[in-house]
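Trainee: I've got a model open and would like to talk it through. Can we start with the basics?

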Amino acid sequence: MTAARRSPGRPRRADAERRILDAAIDEYLERGASGFTIDGVARRAGVGKSTVYLRWPDRDTLLVDSVLARSRAIEDVDTGSLRGDLVALSVNMLRFLLDPVGFATLRLTVEAVASGSTREVTTGVADRHRRAAGLVLARAAERGEPVNPGTQARVVECLYGAITMKALAHGLETDATSEATIVAACVELVDLLLPLLLEHVRPPPDPAR
């Protein structure tokens with residue numbers, strides 16, 4: 001029997017997918033949604049256009065995957081306490097948004113909402129953040145920390161909204177933002193919102209009285 005013949009063409013590089021995902025973010029940052037093309041991404045990544053299409057059928061799918069791939073580390077927190085987890089989650093989020101890649105994610109999400117395109121970015125990122133916050137709150141409940149179910153959703157919205165506003169206000173001046181500054185800002189924010197999350201639910205008044 002003869003050995004199976006290899007398919008023609010250059011072998012796939014092990015890091016091709018990572019380079020394409022990185023190139024997609026850089027291409028979007030430079031050219032925006034209207035100028036973003038598969039051709040441009042392929043040139044920037046140093047691969048053939050067919051290599052990109054082997055993995056992603058269109059530009060929107062590539063953009064969504066590039067955004068989600070770069071935001072995975074945000075949810076990796078488990079400090080052993082609700083306050084510690086919320087601070088860690090907030091720090092991860094703010095650090096990410098202050099990075100050009102994170103800022104591109106925010107820009108892409110806003111454009112998706114405004115235009116109706118790449119809506120998977122908005123739902124994918126939002127679902128990931130809600131899931132991360134949900135895990136933090138579930139662990140707190142398992143430890144017996146008194147979390148108010150009536151305020152959970154609003155507190156999480158306030159937390160992420162405030163972090164987003166901090167990132168927008170700061171822009172991309174990442175060199176001027178130290179890790180200590182990021183942590184201090186998130187600690188202040190969490191300590192402001194935590195009492196609302198831990199507030200016990202008061203029973204409704206007894207109408208018979």
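Trainee: How many helices and strands does the protein chain have?

Mentor: Quick caveat: this is a predicted model, where local features need pLDDT of at least 70, side-chain atom pairs count only at pLDDT 80 or more, and totals for chains, interfaces and linings use all residues. Residues are numbered from 1 along each chain as its sequence is written, and side-chain values use heavy atoms, with hydrogens and water left out. Helices (H or I, at least four residues) and strands (E, at least two) are DSSP runs, numbered from the N terminus. On that basis, the protein chain has nine helices and zero strands.

Trainee: Which helix has the highest mean pLDDT?

Mentor: pLDDT is the predictor's confidence in each residue, from 0 to 100. The protein chain has a mean of 80. Helix α6 (residues 100–115) has the lowest mean among the elements, 75, while the highest, 95, belongs to helix α2 (residues 38–45).

Trainee: Which element gives the most residues to the largest nonpolar core?

Mentor: A nonpolar core is a set of buried (under 20% relative accessible area, 1.4 Å probe, protein chains only) Ala, Val, Leu, Ile, Met, Phe, Trp, Tyr and Cys residues joined through side-chain atoms within 4.5 Å. The largest one has 56 residues, and Leu82 is among those touching the most other members. With ten residues, the top contributor is α5.

Trainee: What share of the 209 residues is buried?

Mentor: In soluble globular proteins, nonpolar side chains tend to be buried together. For the 209 residues of this protein chain, the buried share is 39%.

Notes. Buried < 20%, exposed > 50% of the residue type's maximum accessible area, 1.4 Å probe, protein only.
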